[in-house]
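These are my notes from a session of looking things up in one structure, written for someone who has not seen it before. I went from what is enclosed to what lies open.

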Amino acid sequence: MKIWLDGGLQDIESARVSVFDHGLTVGDGIFETVKAVDGRPFALTRHLDRLTRSARGLGLPDPDHDEVRHACAAVLKANPVSLGRLRITYTGGHGPLGSDRGQHGPTLVVALGETTRRPDSTAVITVPWTRNERGALTGLKTTSYAENVVALARAREQGASEALFGNTVGQLCEGTGSNVFVVLDGEIHTPPLASGCLAGITRALAIEWTGAGETDLPLDVLERADEVFLTSTLRDVQAVHRIDDRELPGAPGPVTAKAMRIFEERSGDDLDP
């Protein structure tokens, strides 16, 4: 396995990032996860645009898109897989043991892991912790991910693959690594970005391709929604068949099944929509 680290391919066994890297010591970094199909990345332009937005939100230098594209291509060529998780990580680089940044410049890592197609439906839970829709990192895809680690571990303990958060005002927000959609009276709704959710790439495409509306939704909408589905880079569109103790029999329902079909067809037609 080879990864890209600061300018070139390296063997995974010998690649080294400084123990003083700010991404390691204080979580000062950003990342993107890109689906790779037969050695080709999906929606890479959108992912790179979001990487830049996240960098600016943290005050990091803009990543060089040409360099990142070259790194992605090199890693994909060096590690052929039919379905892969391409991870782009961009940190504040070598820094002091504190919140102040150093002067060494950012670190860029691109790595690839093989994955498998997700099931058509999954179980989720809600968690008592909230997303802060007014926080400094709201809407940024950062490496400060411990909150998601804790919530996902809770979900795994309860036989689920995802945990859903409300925000500080009791609205439905997002999952640890996914966006959430609900179907009410045949119409698809998803929380707006003002709820504090991440501007998911798959979320944006699902809205464009299905006509879903962005709607302020109370967290308890999950108790009465006709259908619920998740979107993310590796889930694409995935139905939910259980929320906490509530079963949604027959998932995916008709609206979700249509959304799944539309996404599969449209994403297959254009790898960089």
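I began with the lining of the largest cavity, and in this predicted model I found it to consist of Phe42, His47, Ile201, Thr202, Ser232, Thr233 and Asp236. Sorting these lining residues by character, I counted 2 nonpolar, 4 polar and 1 charged. I then looked up the volume of the largest cavity, which comes to about 30 Å³, and a search of the whole structure for cavities of 30 Å³ or more returned 1.

Two of the names in that lining, Ile201 and Thr202, led me to helix 5, which covers residues 201–210. How many of its 10 residues are buried? I found 7, so I noted the helix as mostly covered, a residue being called buried when its relative accessible area is under 20%. The buried residues of helix 5 are Ile201, Thr202, Arg203, Leu205, Ala206, Ile207 and Trp209. After the helix comes Gly211, for which I wrote down a positive phi, near 75°.

Next I turned to the second largest pocket, whose volume I noted as about 170 Å³. Its lining includes Ile3, Leu5, Ala15, Val17, Asp21, Gly23 and Leu24, and further along the chain I also listed Thr89, Thr91, Thr107, Val109 and Thr143. Which elements supply at least two residues each to this lining? I found that strand 1 (2–5), helix 1 (22–25), strand 5 (83–91) and strand 6 (107–114) each do so. By character, the lining of this pocket divides into 6 nonpolar, 5 polar and 1 charged.

Leu24, which I had just listed in the pocket lining, has its place in helix 1, and I checked whether it is buried or exposed. Its relative accessible area is 61%, and because anything over 50% counts as exposed, I entered Leu24 as exposed. Leu24 also turned up in a nonpolar surface patch of about 450 Å², which it makes together with Val19, Phe20 and Leu97.

My last entry concerns Val150, which I located in helix 4 (residues 146–157). Its relative accessibility is 48%, so it falls between the 20% and 50% cut-offs and counts as partly exposed. I also looked up how far Val150 lies from Ala163, 13 residues apart from it along the chain, and found their C-alpha atoms separated by 9.7 Å.

Technical notes: Residues are numbered from 1 along each chain as its sequence is written. This is a predicted model: local features need pLDDT of at least 70, side-chain atom pairs count only at pLDDT 80 or more; totals for chains, interfaces and linings use all residues. Side-chain values use heavy atoms; hydrogens and water are left out. On a 1 Å grid over the protein atoms alone, a cavity is a set of points where a 1.4 Å probe fits but cannot get out, and a pocket is an open set with protein on both sides within 12 Å along at least five of seven lines; lining residues have an atom within 4 Å of a point. Grid points are joined across faces, edges and corners, and a volume is the space filled by probe spheres set on the points. Helices (H or I, at least four residues) and strands (E, at least two) are DSSP runs, numbered from the N terminus. Ala, Val, Leu, Ile, Met, Phe, Trp, Tyr, Cys and Pro count as nonpolar, Asp, Glu, Lys and Arg as charged, and the others, Gly among them, as polar. Buried means under 20% relative accessible area, exposed over 50%, partly exposed in between (1.4 Å probe, protein chains only). Patches are made of residues with over 30% relative accessible area and no salt bridge: like charges are joined within 9 Å, nonpolar side chains (Val, Leu, Ile, Met, Phe, Trp, Tyr) within 5 Å. Accessible areas come from the Shrake-Rupley method with a 1.4 Å probe; for residues, only the protein chains shown count as cover. A salt bridge is a side-chain nitrogen of Lys or Arg within 4 Å of a carboxyl oxygen of Asp or Glu.
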